[in-house]
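Here are my notes for someone opening this entry for the first time. Please keep the model in view while reading the points below.

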Amino acid sequence: MKYYLAPLEGITTYVFRNAVHEYFGEGIDKYFAPFIMPYEKHILTNKEENQLCPEHNVGINLIPQIMTSVPKEVIRIESALLEYGYEEYNLNLGCPSGTVVSKGRGAGFLADPEGVDRYLDYIFEHTKAKVSVKTRLGMYDSEEFAELLEIYNKYPLEELIIHPRVREQFYNGQPDMAMYEYATCNYNGSIIYNGDVRCAKDAQSIESRFGEGADLKEGQITTSGIMIGRGIVASPGLIRNITSKEKETCEEIWDFLEKLRIDYMAIMSGEMPVLHKMKEIWCYLGGSYGENFSKELKAIKKAKTLAQYTSAARMVVFGQNIS
Ligand SMILES: Cc1cc2nc3c(=O)[nH]c(=O)nc-3n(C[C@H](O)[C@H](O)[C@H](O)COP(=O)(O)O)c2cc1C
């Protein structure tokens, strides 16, 4: 089974990816970058160049992601990605955000299967790269996926990454595992599972049901990988833990967090944006520490300076309580 870091806009920045790679990179086969979108004036903005340039992603197998419903724009952005040396990129057909969906992009594009078909047709006629798709099951109802899958089957996608929810669910409710199973029985390429993997046990249950060695039906394909997003922010060593059973130590988590803080300090102006970034990480990481630390976690949330943040965060990571 391969393991991938999911793209999380605003969170899995190059700073985050480098920190994960340095402390917990073992077992991570691919890192997916958050989406980039086309602009009239430039192919890539300075901010996007900064995130994707090879100097900021040394030793990391990075897969950029593009989100647009205009296929010519995909090929225009592809030219810049090829110049950077990327041979593969991913198309976002899953973003549920209102502003994205209202423009017919991300998961909003799934409401127009014929449009998706024309889009992929154009891209596969013109691309010089390997192209994968990250998709939801549809806009409103999982049943929409049967038609979408027929379309995906027409093209030589590098991989089809499935987050088995519909747009209407955003990240709520349960992934539709029955429809995921349908996909594994009816897709003829390489398939990756994504959604709600939070611990080694979650990964093992996907692996035993859909991975190599699983009791599959005739014609059903093996899931070749698992992509994990929020689970890694909550537990940065999760993939290493899954693949080598080696759990994160307190020291490793602390060094990881300090690397994030120091590297963000080096590129952001002033401590407030850095404090904001660290608090965002703790929105997920805090969940790994339970009730015993509610006072300390509240102190992180309320911290007005990095010094206040650091002393509260240290207590949580090293298991000490505010007296
Ligand atoms: C804050 C946030 C930002 C996200 N940004 C992206 C993105 O840029 N591109 C994308 O394909 N998915 C994005 N996603 C979706 C995740 O990649 C992933 O599909 C989703 O979180 C489910 O997987 P998980 O349960 O392992 O987190 C985002 C999700 C969250 C919560």
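1. Start at helix α10, which covers residues 238-244 and holds arginine 240. This is a predicted model, so read each value as computed from predicted coordinates. Is arginine 240 buried or exposed? Arginine 240 counts as buried, because its relative accessibility is 4% and the cut-off for buried is under 20%. Its side chain has a polar partner: a polar atom there lies 3.4 Å from the backbone oxygen of glutamate 246.

2. Next, look at lysine 245. This residue is in the loop between α10 and α11, the latter being residues 250-267. Lysine 245 has a relative accessible area of 64%, so it is exposed, given that exposed means over 50%. Its backbone also deserves a look. Phi of lysine 245 is near 65°, a positive value in a residue other than glycine. For context, most residues other than glycine have a negative phi.

3. Aspartate 196 raises the matching backbone point. Its phi is near 65°, positive although the residue is not glycine. Where does aspartate 196 lie? It is in the loop between β7 (191-194) and α8 (200-210). Aspartate 196 also belongs to the ligand story, as one of the residues that come nearest to the ligand.

4. Now the ligand itself. There are 18 residues around it. Which come nearest? They are Pro7, Gln65, Asn194, Asp196 and Arg230. By character, the shell around the ligand divides into 8 nonpolar, 6 polar and 4 charged residues. As for location, the ligand sits in the largest pocket.

5. Check the polar contacts of the ligand one by one. An oxygen atom of the ligand is 2.7 Å from a polar backbone atom of proline 7. Glycine 229 also offers a polar backbone atom, at 2.8 Å from a ligand oxygen. Arginine 230 uses its side chain instead: an N or O atom there is 2.7 Å from an oxygen atom of the ligand. How much of the ligand does the protein bury? Taken alone, the ligand exposes 610 Å², and the protein buries 89% of that.

6. Helix α1 spans residues 14-24. Of its 11 residues, 8 are buried, so the helix is largely enclosed by the rest of the structure. Which residues of α1 are buried? They are Tyr14, Val15, Phe16, Arg17, Asn18, Ala19, Val20 and Phe24. Note that the list includes Arg17 and Asn18.

7. Strand β3 runs over residues 62-66 and includes leucine 62. Leucine 62 has a relative accessible area of 4%, so it is buried. Phenylalanine 124 is 62 residues away from leucine 62 along the chain, and their C-alpha atoms are separated by 21 Å.

8. Move on to threonine 68, in the loop between β3 and α3 (71-83). Is threonine 68 buried or exposed? Because its relative accessibility is 4%, threonine 68 counts as buried. A polar atom of its side chain lies 3.0 Å from the backbone nitrogen of valine 70.

9. Compare two lysines by their surroundings. Lysine 277 is in helix α12, residues 271-285. Lysine 277 is buried, because its relative accessible area is 15%. Leucine 260 is 17 residues from lysine 277 in sequence, and the C-alpha to C-alpha distance is 9.0 Å. Lysine 154 is in the loop between α6 (145-152) and β6 (160-162). Lysine 154 is exposed, because its relative accessible area is 52%. From lysine 154 to alanine 183 there are 29 residues in sequence and 14 Å in space, C-alpha to C-alpha.

10. End at tyrosine 289, in the loop between α12 and α13 (294-302). Why does tyrosine 289 count as buried? Its relative accessibility is 19%, and the cut-off for buried is under 20%. Tyrosine 289 and isoleucine 66 are 223 residues apart in sequence, with 35 Å between their C-alpha atoms.

Key. Residues numbered from 1 in each chain as written. Predicted model: local features only at pLDDT ≥ 70, side-chain atom pairs only at ≥ 80, totals over all residues. Heavy atoms only, no water. Near = heavy atom within 4 Å. Polar contact = N/O pair within 3.5 Å; in protein donor to acceptor, adjacent residues only side chain to side chain. Areas by Shrake-Rupley, 256 points an atom, 1.4 Å probe, with all protein chains shown as cover. 1 Å grid on protein atoms, 1.4 Å probe; cavity = no way out; pocket = protein on both sides within 12 Å on 5 of 7 lines; lining within 4 Å. Sits in = over half its atoms within 2 Å of the grid points. Nonpolar A, V, L, I, M, F, W, Y, C, P; charged D, E, K, R; others polar. Helix = DSSP H or I, 4+ residues; strand = E, 2+ residues; numbered from the N terminus. Buried < 20%, exposed > 50% of the residue type's maximum accessible area, 1.4 Å probe, protein only.
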